[in-house]
Amino acid sequence: MAAIIPCHYCASLSPKWFNSKSTDSRPLSFPLRGLRGFNARCSYQPPRHSEFQNKHNGKTFSFKQCAISIALAVGLITGVPTLGGPTIAQAANPALSDLSVLISGPPIKDPGALLRYALPIDNKAIREVQKPLEDITESLKVAGVKALDSVERNTRQASRALKQGKALIVSGLAEPKKEHGVELLNKLEAGIDELELIVQDRNRDAVAPKQKELLQYVGGVEEDMVDGFPYEVPEEYQNMPLLKGRAAVDMKVKVKDNPNLDECVFHIVLDGYNAPVTAGNFVDLVQRHFYDGMEIQRADGFVVQTGDPEGPAEGFIDPSTEKTRTIPLEITVSGEKAPVYGATLEELGLYKAQTKLPFNAFGTMAMARDEFENNSASSQIFWLLKESELTPSNANILDGRYAVFGYVTENEDYLADLKVGDVIESIQVVSGLDNLVNPSYKIAG
């Protein structure tokens, strides 16, 4: 049989399996089941030469790139059953080297670090303190107390950067938050001194908890540098629920049939600076208790998914309109101040662009949508778990196609233990609710 595969470089590669009720019969980009004895061919019909240009650099695509996409599809051999949709498959061969052009430096996989770097600030002095403290994680990968030699260098570098750059850091604090920011800086300085003593005592076990504490201070200082919301949301979305800043929620899940885990609370940080419409929509639904009592609807080792209500509807039905409330695809590109709406980065020709909120971390949280409708997201959400050949950090085929709006920052490892049928007992906003504007749940009473 022949499999029609839209080329990765030529046509949109939007996996339909992220919408659990989708019944669209059009050809899937991936994954495919039953690949034995099939012949792959690219279904994309190239437009006129003037249209078949990379808008970013003006170069035409090569047949090699099209062949690479077909090779990726051919390599999708082992599948895992999903809820009401096609299988997810893994590539049997290593990631192709052509993807390496998308990677610049080691990818950041820590959710806290991703959130810190996603803040709309430009203060080199605080980043020079942050980086060596984050590098401690890599240093601790060395076995035994030998790791402490590298940790000592990291700590001294952070201490030196803080002493030399403290004035610049203080000058970067937003005026209304300056007092709080200075208080955190003082705690950071004292904490670094304490870490130096921990290293001198060769107490390896105490390093990671102290590092976590110090990075929390760093993140707090950086958040105190943000003065208001940095841009205007497009007029057509200004009346939607918007999260203008950060918020955090605790999601409590009742785990069934697991003798080692009865329930778990996942702490999730939502980023409204880079996804105000998407995060605002979610917080509004949380305040409506939309997800409370809902089951996990997909858990296959690749993603965990929920948010599909009972009945024929695929999303949240707004009582005021009796229609499904949908939101636009919302992606912020690194280096840009505001998101782009309604189009994937591939459709915009930004093939090498990095997103501010990438699918790098275990527990990256994003909106599900219909494969062929960019602006069809409503209430279905998913967390990416597995880093596979098709979803390597910094070269992820999901980046720029699905709207990331947060990361699980505590207990994220337990996401892998969730199963279909486990119940979300509650999701509660624990901070940042005052950053939600235009909340529709208040109108609903």
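**View A. Contacts of Leu188 in the predicted model.** Beyond its neighbours within four places in sequence, Leu188 contacts Val129, Leu133, Leu162, Leu214, Tyr217 and Val218. The model shown here and in the other views is predicted. Leu188 belongs to the largest nonpolar core, which has 78 residues. Together with Leu270 and Phe282, Leu188 touches the most other members of that core.

**View B. A separate nonpolar core.** Apart from the largest nonpolar core lies another one, made up of 17 residues. Its members include Leu115, Phe359, Ala361 and Leu398.

**View C. The second largest cavity.** The model holds 5 cavities of 30 Å³ or more. The second largest cavity encloses about 80 Å³ of space. Its lining takes in Asn274, the run Glu330, Ile331 and Thr332, and the run Thr355, Lys356 and Leu357. Asp399, Gly400, Tyr402, Ala403 and Val404 complete the lining. By residue class, the lining of this cavity divides into 5 nonpolar, 4 polar and 3 charged residues. Glu330, Lys356 and Asp399 are the charged ones.

**View D. Segments of low confidence.** Average pLDDT for the protein is 81, and 74% of the residues score at least 70. Residues 1-17 stay under 50 in pLDDT. For this segment the model has 74 contacts beyond four places in sequence. Residues 22-104 likewise stay under a pLDDT of 50, and the model has 155 contacts beyond four places in sequence for them.

Methods:
Residues are numbered from 1 along each chain as its sequence is written. This is a predicted model: local features need pLDDT of at least 70, side-chain atom pairs count only at pLDDT 80 or more; totals for chains, interfaces and linings use all residues. Side-chain values use heavy atoms; hydrogens and water are left out. On a 1 Å grid over the protein atoms alone, a cavity is a set of points where a 1.4 Å probe fits but cannot get out, and a pocket is an open set with protein on both sides within 12 Å along at least five of seven lines; lining residues have an atom within 4 Å of a point. Grid points are joined across faces, edges and corners, and a volume is the space filled by probe spheres set on the points. pLDDT is the predictor's confidence in each residue, from 0 to 100. Contact means heavy atoms within 4.5 Å. A nonpolar core is a set of buried Ala, Val, Leu, Ile, Met, Phe, Trp, Tyr and Cys residues joined through side-chain atoms within 4.5 Å. Buried means under 20% relative accessible area, exposed over 50%, partly exposed in between (1.4 Å probe, protein chains only).
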